[in-house]
Amino acid sequence: MTISGVTVKHYAYCPHIVRLEALGFSERVSEAMLEGQLIDKEKEVSFLFTKYKEIIRKPVYRWKDLIGSPDFVLHAYNYYTPLDVKAGKVPRLDHKYQILFYSYIMDRLGMNVKEAMLYYIAGKKLIRLQYSETEKRFVEKLIGWIREAMNSEVKIVQKKEKCENCGFFSYCKPRRVGKLYYTL
Ligand code: SF4
């Protein structure tokens, strides 16, 4: 089964989402998500582009059953840096996993990747993440965890707020106990 950047993001939010997706359920699209698609990302990060000899826009990279599509790839000398533009203020773990996942695919395709970037529009914040052997090993573990989560039913416990903001809530139907939700 294909693992995409969206799969990685969903796994970071809740491992049970990738199980639901493997069973054929797909996310309810919220208004906030549609708004996010309308942001002019290029306008927000064009200040970065002058330092690079080439800007690759929304490429789609595939390696085996992995697929990733960063918003931009910045190319200088023989280095390639994936860059994702996000609407929020502060860095999030799922965004970091996603951009490292793209770096990994690019690396496996023979591109020289040393760092990855995230830009947060509301916070006007640029985050640089190192991509080295350590991050490469981490992404390999992450892919293994995702495959496991896709193929098995495990008990998940999440905070009330997290489940109630989850686009898969109506398919998941978790059981509420106090301030927590349980999947089994
Ligand atoms: S509703 Fe809660 S337990 Fe179910 S997939 Fe979403 S976050 Fe995970």
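In the predicted model, the buried residues of helix 2 pack against three other helices, namely helix 1 (5-13), helix 6 (133-151) and helix 8 (169-172). Helix 2 itself spans residues 15-22, and its buried residues are His16, Ile17, Val18, Arg19 and Leu20. Just after this helix, glycine 24 adopts a positive phi of about 105 degrees.

Among the buried residues of helix 2, arginine 19 was examined individually. Its relative accessible area is 17%, and arginine 19 is therefore classed as buried, the cut-off for this class being under 20%. When neighbours within four places in sequence are left aside, the contacts of arginine 19 are with Ala149, Met150, Asn151, Ser152 and Glu153. Helix 6 covers residues 133-151.

Helix 2 also takes part in enclosing internal space. A search of the whole structure returned one cavity of 30 Å³ or more, and the largest cavity holds about 90 Å³ of space. The lining of the largest cavity comprises 13 residues, and those lying nearest its centre are Cys14, Gln158, Cys163, Cys166 and Cys172. By class, this lining consists of nine nonpolar, three polar and one charged residues. Helix 2, helix 7 (160-164) and helix 8 each supply at least two residues of the lining, and helix 2 gives the most, with three residues. Helix 2 and helix 8 thus appear together in two settings, since the buried residues of helix 2 pack against helix 8 among other helices, and both helices contribute to the lining of the largest cavity.

Key
Residues are numbered from 1 along each chain as its sequence is written. This is a predicted model: local features need pLDDT of at least 70, side-chain atom pairs count only at pLDDT 80 or more; totals for chains, interfaces and linings use all residues. Side-chain values use heavy atoms; hydrogens and water are left out. Buried means under 20% relative accessible area, exposed over 50%, partly exposed in between (1.4 Å probe, protein chains only). Helices (H or I, at least four residues) and strands (E, at least two) are DSSP runs, numbered from the N terminus. Contact means heavy atoms within 4.5 Å. On a 1 Å grid over the protein atoms alone, a cavity is a set of points where a 1.4 Å probe fits but cannot get out, and a pocket is an open set with protein on both sides within 12 Å along at least five of seven lines; lining residues have an atom within 4 Å of a point. Grid points are joined across faces, edges and corners, and a volume is the space filled by probe spheres set on the points. Ala, Val, Leu, Ile, Met, Phe, Trp, Tyr, Cys and Pro count as nonpolar, Asp, Glu, Lys and Arg as charged, and the others, Gly among them, as polar.
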